[in-house]
Amino acid sequence: MRLRHIPGAEEAIAASPYVVQEPEREKGQWSARFGNKNPIEIEVGMGKGRFIMEQAQRHPERNYIGIERYSSVLLRGLEKREQLELPNIWFLCIDAKQLADIFAPGEVSRIYLNFSDPWPKDRHAKRRLTSPEFMEVYSRILAPEGCVEFKTDNQGLFAYSLESIPAAGWKLKDVTWDLHHSPMAEGNVMTEYEMKFSALGNPICKLTAVRDV
Ligand code: SAM
């Protein structure tokens, strides 16, 4: 998501009651922060957060953590957060590379990757959030029966992910190249990008993956 830097964004994030400021200190203790033992689901690269806040509203029996590395983008999400009563969500302003410093093994039950940046050049492949390098990071924090859910309209990134995810030792569970016309659409929550690209007529691709043990 390309957003111009908003002056004061870092300061606003640092002062926000909705953002966990030193998330490394919560490692292994996230249930205590939520005050319950409900499963914890995270979205990596949440953008303005439409998806994860809607999920949190629909599923009060689950806990959510929205992750976004750019403060100016996260700030837009926090503006929306202020208008909602949501006891089951926190936000982190971090790079996904740090996830294993923030969550203990098995602490996360589901990871959502929605419309992740495609990084089309081969030399940037390691930056893709479905690269084997990132899948290895997810492996370190996900519960044994946990899963990754990935949506995109970028067919090149999707084709890449159909190879990179199994290559990293994961099993593809469900796959569709046209989510909105498939049984996988049941219960689907649209992201900001999903609304924009499906309105243009782009089919939305989705896969779910579990560890191949
Ligand atoms: N998920 C939202 C949606 O579907 O509307 C936003 C999609 S936007 C294309 C991708 C977002 O992921 C951007 O806001 C970007 O800053 C964030 N992002 C990309 N790489 C990231 C990383 N390594 N760690 C955290 N956030 C990341």
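A backbone N or O atom of G45 lies 2.8 Å from a nitrogen atom of the ligand, a polar contact (N or O atoms within 3.5 Å). The model is predicted: local features need pLDDT of at least 70, side-chain atom pairs count only at pLDDT 80 or more, and totals for chains, interfaces and linings use all residues. Numbering runs from 1 along each chain as its sequence is written, and side-chain values use heavy atoms, without hydrogens and water.

**Ligand contacts**
- R69 offers a polar backbone atom 3.4 Å from a nitrogen atom of the ligand.
- T191 acts through its side chain: a polar atom there is 2.8 Å from a ligand oxygen atom.
- Of the 600 Å² of accessible area that the ligand has on its own, the protein covers 97% (Shrake-Rupley method, 1.4 Å probe).

**Shell and pocket**
- The ligand is surrounded by 19 residues, with G45, E68, A96, T191 and Y193 the closest (a heavy atom within 4 Å counts as near).
- The shell holds 9 nonpolar, 4 polar and 6 charged residues; Gly counts as polar and Tyr as nonpolar, while Asp, Glu, Lys and Arg are charged.
- The largest pocket houses the ligand (more than half of its atoms lie within 2 Å of the grid points).
- A pocket is an open set of points on a 1 Å grid over the protein atoms alone, where a 1.4 Å probe fits, with protein on both sides within 12 Å along at least five of seven lines; lining residues have an atom within 4 Å of a point.

**UniProt "binding site" annotations (unreviewed entry)**
- One annotation covers E43, E68, D95 and D117; such annotations may be inferred rather than shown by experiment.
- These residues span 75 residues in sequence, yet no two C-alpha atoms are more than 13.8 Å apart, so they gather at one spot.
- E43, E68, D95 and D117 are included in the lining of the largest pocket.
- Another annotation covers K121, D153, T191, E192, Y193 and E194.
- This set spans 74 residues, and its farthest two C-alpha atoms are 25.0 Å apart, so the residues do not all gather at one spot.
- From this set, T191, E192 and Y193 belong to the lining of the largest pocket.

Definitions and conventions: Polar contact = N/O pair within 3.5 Å; in protein donor to acceptor, adjacent residues only side chain to side chain.
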